[in-house]
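Hi,

Here is the structure I promised to pass on. Have a look at it, and then read my notes underneath.

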Amino acid sequence: MSSPQTFNDLEQWLNQHRVTEVECLVPDLTGVARGKILPREKFTEDRGMRLPQAIVGMGVTGEFPESGPYYDVVDPTDRDMQLRPDPSTVRIVPWATDPTAQVVHDCFDHTGKLVPFAPRSVLRRICDLYAAEGWEPVVAPELEFYLTARNTDSNTPLKPPIGRSGRAETSRQAYSIDAVNEFDPLFEEIYDYCEKMNLNVDTLIHEVGAGQMEINFFHAHPLGLADEVFFFKRTVREAALRHDMYATFMAKPIAGEPGSAMHVHQSIVDKATGRNIFSNEDGSPSDAFHHYIGGLQRYIPAAMVLVAPYVNSYRRLSRHTAAPINIEWGHDNRTVGIRSPISSPQARRVENRVIGADANPYVAMAMTLACGYLGMKNQIKPKPEMRGDAYLSPYALPRSLGEALDWLRRETDLHEVLGKEFVTIYTEIKELEFEEFMKVISPWEREHLLLHV
């Protein structure tokens with residue numbers, strides 16, 4: 001049957017698949033799956049499942065601020081929010097021993113309104129802004145990740161895993177078929193899992209780094225694809241563990257190797273005509289195409305912390321590493337932050353290459369669509385196209401988490417579009433994570449500063 005649309009449809013789906021347990025999932029700010037596991041007979045429409053509000057608004061270490069603006073948004077009495085399943089998100093859990101389903105839930109407050117700082121709520125908010133204009137955004141993510149050997153000591157650097165040959169990669173193998181085949185058993189299981197979950201994954205390639213892979217998704221509506229990326233990350237990590245290795249979506253997990261990105265291709269369709277508004281009738285680039293790029297250029301630097309959410313994220317964004325350092329744009333140019341691939345007029349699109357693989361997919365898609373939306377609404381003209389090497393141009397993005405937080409706090413246009421409550425929660429949590437990181441003394445500091453300064 002097609003994706004369930006109502007709770008009755010969902011119940012039929014659960015019965016058809018003879019499900020005995022249901023994982024009720026809520027993506028938090030980091031993209032981690034929070035929630036509850038219920039016996040099938042307890043999963044009913046009138047149950048009214050609840051979680052504390054703060055569950056979707058905590059840091060990657062599980063900490064909360066002790067005071068401050070955070071509690072102007074999250075009730076200090078730790079109120080509950082009500083979870084409601086989105087029937088269209090139901091998937092089987094392919095690695096479970098007993099028939100188990102997983103369903104993504106939306107978060108509502110006691111008045112019945114969406115909790116504004118829940119990541120899925122933010123993306124819904126942005127999609128609603130497009131719908132009000134008669135537009136429908138279409139996106140296609142490309143997600144990079146590393147396979148590594150098991151590593152239970154956080155002080156030990158990561159290493160590539162052992163493949164079928166009994167050897168680990170020691171050199172870069174971009175687009176190598178044989179290098180991918182080293183991990184055939186793992187990828188066969190990943191594709192099997194994805195098929196059972198109806199995830200619309202397309203091609204798999206070996207990326208530049210040792211043990212670095214990339215999976216591409218077919219283009220679709222942003223909310224559904226964000227759900228798929230959420231499920232996919234969980235799936236790949238689980239499959240890797242079953243093959244005695246790790247899969248990581250850290251932006252820069254291995255020193256000396258390229259970082260991992262989540263490039264997001266995006267175009268906008270006029271809902272009334274089905275036409276891609278990035279192209280004119282004669283096939284030439286439209287004003288909307290240029291204004292969208294202008295919005296990305298104007299607002300991405302201030303929104304950077306939304307898609308480079310950790311201190312590690314900024315290690316990826318350096319010259320000559322297949323990652324952008326600025327927000328220049330160009331046709332078929334991989335040195336820029338905003339690329340327009342070669343395509344037909346109907347498939348004309350913009351690729352945001354700034355986003356890291358460590359970004360929450362809901363927040364990442366909300367961020368890039370919000371910037372483009374502001375560009376089209378305010379008719380922002382882009383800079384002239386970059387026709388050469390953008391790495392020869394200056395840095396134009398924040399260089400650290402602390403700097404990026406300051407930029408977002410100052411950009412009130414983004415607050416209005418994304419929601420002030422969300423920006424408050426997000427920046428307060430990231431400030432807490434930054435403070436926690438600054439308490440750690442790194443090996444580099446001990447090596448170079450201990451006896452020399």
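Below is what I found when I went through it, grouped by region.

One thing before you start: this is a predicted model.

**Aromatic rings**

Let's begin with the rings. There are 14 aromatic pairs in the structure. One of them joins F217 and F232, which meet edge-to-face, with 5.5 Å between the ring centres and 85 degrees between the planes. This pair links distant parts of the chain: F217 belongs to strand 9 (residues 212–217) and F232 to helix 6 (residues 222–242), 15 residues apart. F217 has a relative accessibility of 5%, so it counts as buried. F232 is at 1%, so it counts as buried too. Both rings also belong to an aromatic cluster, made up of F145, F217, F232 and F249.

Rings turn up with charges as well. R84 places its charged end over the ring of F108, 3.9 Å from the centre. R399 does this with Y395, where the distance to the ring centre is 3.6 Å.

**A buried threonine in a loop**

Next, take a look at T89, in the loop that runs between strand 4 (80–85) and strand 5 (91–92). Is T89 buried or exposed? Its relative accessibility is 1%, and anything under 20% is called buried, so T89 counts as buried. Its side chain reaches the backbone oxygen of D86 at 2.7 Å. Leaving out residues up to four places away in sequence, T89 touches Q102, V103, V104, R120, D227 and F231.

**Helix 5**

Helix 5 (residues 184–196) is a good one for checking geometry. Its 13 residues should span 18 Å at 1.5 Å a residue, and the C-alpha atoms at its ends are indeed 18 Å apart, so the two agree.

Which residues of helix 5 are buried? They are L186, F187, I190, Y193 and C194. These residues cover an arc of only 120 degrees around the axis, so they sit on the same side of helix 5. The spacing behind this is general: an α-helix has 3.6 residues a turn, so residues three or four places apart point the same way. On the face turned away from that buried side you will find the exposed residues E188 and E195.

As for what the buried residues of helix 5 pack against, the list is strand 7 (135–149), helix 4 (177–181), strand 8 (201–206), strand 9, helix 6 and strand 10 (245–248). Strand 9 and helix 6 are also where F217 and F232 sit. After helix 5 comes N198, with a positive phi near 55 degrees.

**L317**

Further along, L317 sits in the loop between helix 8 (313–316) and strand 12 (329–331). With a relative accessibility of 6%, L317 counts as buried. G356 is 39 residues away from L317 along the chain, yet their C-alpha atoms are separated by 9.1 Å. Not counting residues up to four places away in sequence, L317 touches M304, A323, P324, I325, V354 and Y395. You have met Y395 already: its ring has the charged end of R399 over it.

**Helix 9 and H291**

Helix 9 (residues 361–377) has 17 residues, and the 24 Å from its first C-alpha to its last is close to the 24 Å expected. Of those 17 residues, 16 are buried, so helix 9 is largely enclosed by the rest of the structure. What caps its N-terminal end? That is N360, with a side-chain oxygen 2.9 Å from the backbone nitrogen of Y362. Helix 9 is followed by Q379, whose phi is positive, near 50 degrees.

Q379 also comes up in the contacts of H291, a residue of helix 7 (residues 287–307). H291 has a relative accessible area of 13%, so it is buried. Setting aside its neighbours within four places in sequence, H291 is in contact with G375, M376, Q379, I380 and K381.

**Helix 12**

Last comes helix 12 (residues 420–438), with 19 residues and a reach of 27 Å from first C-alpha to last, close to the expected 27 Å. Its buried residues include F422, Y426, E428, K430 and E433. Among the elements covering the buried residues of helix 12 are helix 2 (70–73), helix 3 (119–132), helix 7, helix 9, helix 10 (401–410) and helix 11 (412–418).

Happy exploring!

Conventions
Residues numbered from 1 in each chain as written. Predicted model: local features only at pLDDT ≥ 70, side-chain atom pairs only at ≥ 80, totals over all residues. Heavy atoms only, no water. Phe/Tyr/Trp six-rings, centres within 6.5 Å; stacked < 30°, edge-to-face > 60°. Helix = DSSP H or I, 4+ residues; strand = E, 2+ residues; numbered from the N terminus. Buried < 20%, exposed > 50% of the residue type's maximum accessible area, 1.4 Å probe, protein only. Lys NZ or Arg CZ within 6 Å of the ring centre and 35° of its normal. Polar contact = N/O pair within 3.5 Å; in protein donor to acceptor, adjacent residues only side chain to side chain. Contact = heavy atoms within 4.5 Å. Expected span 1.5 Å × (residues − 1). Arc of directions from axis to C-beta.
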